[in-house]
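Here's a quick briefing to read with the viewer open. Grab a coffee and click along as you go.

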Amino acid sequence: MPPNGNQLLNALCLRGVRKVSPADWTKYVRACAPDIAIALSDIPHIPPPFSQKRLTKSITRSTAWLAPLLAPNPTLDNPPPAIFVHLAGSASHPARAAFSASLIEPLNALEISAIGGLPTYDSGIAGYTIDLKPLRIAIAGALPSNDETQKLDTVPLLQTSLASLPPNKPRLVNGTTGPHDVLTLVRDVGIDIVETRWAIEAASHGVAFDFVFPVPLSKEEEHGQTQQQKELGHNFYDVRYRLDFQRFSGSFLAAAERQTDQDNSTEIKICPCIA
């Protein structure tokens with residue numbers, strides 16, 4: 001990918017790389033009128049580790065590119081979308097803290113006028129997004145090459161980003177790797193919404209996830225038997241599913257199936273989804 005500039009971001013599209021300016025992105029958002037729009041963010045695509053100069057550019061550009069999206073547009077008939085902003089700063093604690101501080105610090109008179117009278121950038125933001133894939137790449141690049149004991153632990157960095165930001169705004173994460181990753185982020189970071197590409201990829205291979213947390217105990221396990229490892233889902237290529245026309249889930253009931261599972265001492269929960 002070519003490097004980004006102060007006024008241009010390089011986007012990987014179906015027909016190659018296209019340069020997108022903050023003004024272009026604002027025009028696209030207003031034309032599509034989505035419910036939620038993600039502000040542009042300058043994520044470095046050069047091999048890590050990144051220099052302090054490059055991280056400073058990333059923070060400055062990401063903040064500057066947010067302003068056009070927050071600017072009022074009196075010609076719009078529909079209400080503006082909810083703006084989510086990516087928490088920049090890569091694998092640097094000081095850089096992540098500095099970017100979060102730039103969202104909540106008071107603006108000068110010119111900046112306030114440009115975004116419709118909002119006292120801070122965060123006043124116009126509805127929520128925060130985190131992309132785990134580039135963050136993990138940056139963490140791996142900062143680790144010693146001969147140290148195999150280090151984990152790609154994103155939690156402390158995310159906690160640094162969110163420490164000074166309002167806790168009542170939604171937090172969206174892209175790039176989770178599995179259900180245990182989701183649990184860790186919910187428990188330790190307070191994540192509200194997750195993108196679960198891994199579930200879609202598993203389904204494309206004929207595997208349907210079917211589990212609940214905490215894991216329910218069987219009758220034997222409730223009476224002291226060692227808890228056994230349980231499957232996370234179903235392999236639909238298994239021959240036992242050839243003539244099986246029952247519901248997929250063994251962990252949840254549909255709303256119309258309010259009954260007790262006779263094979264378990266606890267009642268199966270009703271699935272809260274719209275289906």
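In this predicted model, helix α6 (residues 155-162) packs against helix α7 (residues 179-189) at an angle of about 40°, and their axes are 10 Å apart. An angle between 35 and 65 degrees falls outside both the roughly parallel and the roughly perpendicular classes, so α6 and α7 are oblique to each other. The rest of the briefing picks up that contact, then goes through salt bridges, loops and chain totals.

**The α6/α7 contact**

- The crossing of α6 over α7 is right-handed.
- On the α6 side, the contact is made by Val155, Leu158, Gln159 and Leu162. On the α7 side, Thr184, Leu185, Asp188 and Val189 do the job.
- Sorted by character, the residues in this contact of α6 with α7 come out as five nonpolar, two polar and one charged.

**The salt-bridge network around Asp42**

- How many salt bridges does the count come to? The total is seven.
- Which residues are linked with Asp42 in a network of salt bridges? Arg54 and Arg61 are, so to speak, the partners: Asp42, Arg54 and Arg61 form a linked network.
- Arg54 and Asp42 meet through their side chains in a salt bridge, at 2.8 Å from N to O. Arg54 sits in helix α2 while Asp42 sits in the loop between β3 and α2, so this pair ties together parts that are twelve residues apart in sequence.
- Arg61 and Asp42 make a salt bridge as well, with an N to O distance of 3.3 Å. Here Arg61 is in helix α2 and Asp42 is again in the loop between β3 and α2, so the parts tied together are 19 residues apart in sequence.
- Are these residues buried or exposed? Asp42 has a relative accessible area of 1%, which means it is buried.
- Arg54 is buried too, because its relative accessibility is 14%. Arg61 comes in at 8% relative accessibility, so Arg61 also counts as buried.

**A salt bridge within helix α8**

- Arg197 and Glu201 pair up in a salt bridge at 3.1 Å, N to O.
- Both residues of this pair, Arg197 and Glu201, belong to helix α8 (residues 197-204) and are four residues apart, which is about one turn of the helix.
- Arg197 is exposed, with 54% relative accessible area. Glu201 counts as partly exposed, given its 38% relative accessibility.

**The loop between β4 and α3**

- Ser90 and Ser92 are worth a click here. Ser90 lies in the loop between β4 and α3, and Ser92 lies in the loop between β4 (82-86) and α3 (93-104).
- What is notable about phi of Ser90? Phi of Ser90 is near 55°, which is a positive value in a residue other than glycine.
- Ser90 has a relative accessibility of 14%, so Ser90 counts as buried.
- Ser92 shows 18% relative accessibility, and since the cut-off for buried is under 20%, Ser92 counts as buried.
- Setting aside neighbours within four places in sequence, Ser92 is in contact with Leu55 and Leu157.

**Other backbone spots to check**

- Ala33 has a positive phi of about 50°, even though Ala33 is not a glycine. Ala33 can be found in the loop between α1 (22-32) and β3.
- Is Ala33 buried or partly exposed? At 41% relative accessibility, Ala33 counts as partly exposed.
- The peptide bond from Pro48 to Pro49 is cis, and its omega is near 0°.
- Pro49 lies in the loop between β3 (36-38) and α2 (52-70).

**Whole-chain totals**

- The protein chain has nine helices and eleven strands as its secondary structure.
- Of the 275 residues in the protein chain, 33% are buried.
- Take contacts in the protein chain between residues at least 6 apart in sequence: 55% of them join residues at least 24 apart.

Key: Residues are numbered from 1 along each chain as its sequence is written. This is a predicted model: local features need pLDDT of at least 70, side-chain atom pairs count only at pLDDT 80 or more; totals for chains, interfaces and linings use all residues. Side-chain values use heavy atoms; hydrogens and water are left out. Axes are lines fitted to C-alpha atoms, for helices over the stretch in contact, and angles run from 0 to 180 degrees between N-to-C directions. Helices (H or I, at least four residues) and strands (E, at least two) are DSSP runs, numbered from the N terminus. Angles under 35 degrees count as roughly parallel, over 145 as roughly antiparallel, 65 to 115 as roughly perpendicular and the rest as oblique. A crossing is left-handed if the near helix is turned anticlockwise from the far one by less than a right angle, and right-handed if clockwise. Contact means heavy atoms within 4.5 Å. Ala, Val, Leu, Ile, Met, Phe, Trp, Tyr, Cys and Pro count as nonpolar, Asp, Glu, Lys and Arg as charged, and the others, Gly among them, as polar. Buried means under 20% relative accessible area, exposed over 50%, partly exposed in between (1.4 Å probe, protein chains only). A salt bridge is a side-chain nitrogen of Lys or Arg within 4 Å of a carboxyl oxygen of Asp or Glu.
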